[in-house]
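Biologist: I'd like to go through the salt bridges here and hear how each label was earned. Can you take me through the reasoning?

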Amino acid sequence: AQAGLAKGADHPISAVFDEWIRLTESARSPRTLEFYRQTKANYLEFVGGHRMRDFSLLHVDRYLASLQKRGLAETTINIRLATLNTFLNWALERELIAKKPRIRMLRATKKLPKVLSDAEVATLFERLAHLRAHHAHRRQRAQYGLHERFLMVVRYTGARLSEVFWLRWQQIDLEQGVIRVEKQARFNVKERREKILPVPQVLADYLAAERRAAPNEVYLLDNGKGELAYHSPDALNLGIRRHFKKLGLHGRGIKPVHGFRAYFAGELRNRMGLDLHTVKTWLGHSNISVTEGYFPDPAGRLRDGVRQYDRMTRKRRRSVA
């Protein structure tokens, strides 16, 4: 990328994309930067190169049509459009374009999350425990141990992938029973708010044993040398997906982290009886509608409501009679 772009200059859009990515590298996660690079590549492939000052709504429409022609899901298309919108906002602030067309997101169909069953969760942890103890190669045993650590924390806290990936042992206070999710050099907290995750006793006991076995580690997902064992959250996620595929869960459309977050949300709501607003706060959702989407049986809840209504009306009829 160039060292800098002059305001209002006649730059090709590819050079502006490069400058945007270069200047945001220190403030964005590797996964976000990959979205940025993908957006640039897709845009240049589908729309072609042109001068930045010539950008118009026509280019957006052409980009959208190309994404739809590829058969991408509505949610995926919206992610691409949102990334393009972020890029254009950046260019507008630096006076590289005179005005920015309004980009409208598609009205994506909201799908119910795929939830793991109790048996599937138990089978997954049994597989990890077996591989960790009996795999022929020591290095692979260590990797499976990290997979188990990661999924144990997600399963018992409902944390996000990135929140656990960057976690340091110093953020885990087992005496107080909390995990502090904090901003770091390469990780920015969701919604720009640091938060506290309660640690149930079963997880506290597990983490205490892990810490005793590796007292010199820096990260929860440490390679044994005080460094992260994976170069990005996506690399870890790929390893976890292999376990899901082996157990036949991948074909059901269950995403590893979201599957566990949905499972944990179900425990909070259906087994512990917590209200939706408490579950929302625990999971770190920005809107209650996101939390509601974690409960995949709205018809079942409506049937329960109808049964309660029938019981109430029958009592009233009896009292009148």
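Modeller: Sure. A salt bridge here is a side-chain nitrogen of Lys or Arg within 4 Å of a carboxyl oxygen of Asp or Glu. This is a predicted model, and it holds 17 salt bridges.

Biologist: What makes Arg 53 and Asp 10 a salt bridge?

Modeller: Their side chains meet at 3.7 Å, N to O, and the cut-off is within 4 Å, so the pair counts. Arg 53 sits in the loop between helix H2 (30-46) and helix H3 (57-69), and Asp 10 in the segment before helix H1 (13-24), so the bridge ties together parts 43 residues apart in sequence.

Biologist: Why is Arg 53 called exposed?

Modeller: Its relative accessibility is 53%, and exposed means over 50%, so Arg 53 qualifies.

Biologist: And why is Asp 10 just "partly exposed"?

Modeller: Asp 10 has a relative accessible area of 42%. Buried needs under 20% and exposed over 50%, so 42% falls in between.

Biologist: How do you know that Glu 217 and Arg 149 form a salt bridge?

Modeller: The closest N and O atoms are 2.7 Å apart, so they pass the 4 Å limit. Glu 217 is in the loop between helix H8 (201-213) and helix H9 (233-246), while Arg 149 is in helix H6 (residues 138-157), 68 residues apart. Both residues are buried.

Biologist: Which residues share a network with that pair?

Modeller: Arg 132, Glu 148 and Glu 210 are linked with Arg 149 and Glu 217 in a network of salt bridges.

Biologist: What makes Glu 163 and Arg 160 count?

Modeller: Their closest N and O atoms are 3.2 Å apart, so the 4 Å criterion is met. Glu 163 and Arg 160 are both buried.

Technical notes. Residues are numbered from 1 along each chain as its sequence is written. This is a predicted model: local features need pLDDT of at least 70, side-chain atom pairs count only at pLDDT 80 or more; totals for chains, interfaces and linings use all residues. Side-chain values use heavy atoms; hydrogens and water are left out. Helices (H or I, at least four residues) and strands (E, at least two) are DSSP runs, numbered from the N terminus. Buried means under 20% relative accessible area, exposed over 50%, partly exposed in between (1.4 Å probe, protein chains only).
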